Amino acid sequence: MQVHTTIQQLRAAIAARKQELRATLLDREPRVGFMPTLGYMHAGHLSLIDRARQECDIVVVSIFVNPLQFGANEDFDKYPRDNERDTRLAAEAGADFVFIPSVQEMYPQYPTKTKVVVNEITDVLCGASRPGHFEGVATVVAKLFNIVQPDRAYFGQKDAQQVAVIEQMVQDLNMPLTVVPCPTLREPDGLAMSSRNVYLSEEERKQALVLSQALKLAEDLTATHAGSITAEELRSRLESHISTAPLAVIDYIDIRTYPSLQPVETLATDQPVLIALAVKFGRTRLIDNTILNRR
Ligand code: AMP
């Protein structure tokens, strides 16, 4: 596995690998799979690399804590970083190239003059709580797509709104690639894996279980009462459950169509419905979600 820190080196290395593979893949072009990350890898990240390894000939992983997607009072400076460990884990999971650019390499001019703005679906959920976040995400992902030129790009459904935003961008800007959403990996007790879980104190970690419990409650209630429970009633049931954790400060509990993120009133619908939670424990903001009626 190779590690590259400059765009020029990475592009040359991918081009060379493609050229080598063309000799063996006689009837088709090598397929490039790509997975952008902020690093500090956990098994959730590795499951995406594993999926890319199964489906692609070349697997590229980027590790870049993108300042453009962090708000002024957010955790950009203290976001956990461990490039050495990440590189080892990415290699073990089957990555061919790890790209670890500096901020200067990605943004010779900061902030960049060109930004990618996806409207409407970024006004709600995390977009409402974190103004500018998805502009930062869409911009860096567009740049990374231009650098890597993947055929398939892998994203976790844990960040369901991010998947919706990237899919919209890819469609609207005619980017020649397929976005592959991947299931959320959880700890054995149900907590969704996240690099930010390391911030949690022992007590916060225990209480954070209310998120996955609330989603399970939502799944159970809609399985049995979809016709008789309104979205507002469900929201209120979830709020009551999350509020049993004294340290939980709810940012949002929201129920929307997916991926269009329109409000829903009833759960008796054939459309996919996203139940999304954002809850703070101390200074740590956790998100989790489930999608009902998935086709
Ligand atoms: P991040 O480093 O947090 O930006 O995550 C990189 C990618 O891994 C994103 O596409 C995330 O959605 C995905 N991811 C993060 N946590 C999980 C998880 N628990 N299960 C599956 N994918 C995840």
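Before reading any bridge partners I noted that two strands pair if DSSP finds at least two bridges between them. I also reminded myself that what I have open is a predicted model.

**Entry 1, the sheet.** I looked up the strand order and found an open sheet of three strands, 7-8-9, with antiparallel pairing. Its edges are strand 7 (248-257) and strand 9 (284-292), each of which pairs on one side only. Ignoring direction, I read an average turn of 15° between neighbouring strands of this sheet.

**Entry 2, strand 7.** I followed strand 7 to strand 8 and found the two antiparallel strands joined by nine bridges; for valine 249 I noted lysine 280 in strand 8 as the bridge partner. I then checked burial, and because seven of the ten residues of strand 7 are buried, I describe this strand as largely enclosed by the rest of the structure.

**Entry 3, strands 8 and 9.** On the other pairing, strand 8 (residues 273-281) and strand 9 run antiparallel over nine bridges, and I found valine 279 opposite leucine 286 of strand 9. Helix 9 (residues 209-225) packs on the sheet, where I see it touching strand 8 and strand 9, and its direction makes about 20° with that of strand 9.

**Entry 4, helices 2 and 3.** I turned to helix 2 (residues 43-55) and helix 3 (residues 83-93), which pack at about 35° with their axes 9 Å apart, in a right-handed crossing. Helix 2 makes the contact through Leu46, Ile49, Asp50 and Arg53, and helix 3 through Leu89, Ala90 and Ala93. Sorting the contact by class, I noted five nonpolar, two charged and no polar residues.

Terms used
Residues numbered from 1 in each chain as written. Predicted model: local features only at pLDDT ≥ 70, side-chain atom pairs only at ≥ 80, totals over all residues. Heavy atoms only, no water. Axes fitted to C-alpha atoms, helices over the stretch in contact; angles between N-to-C directions. Contact = heavy atoms within 4.5 Å. Buried < 20%, exposed > 50% of the residue type's maximum accessible area, 1.4 Å probe, protein only. Left-handed = near helix turned anticlockwise from the far one by under 90°. Nonpolar A, V, L, I, M, F, W, Y, C, P; charged D, E, K, R; others polar.
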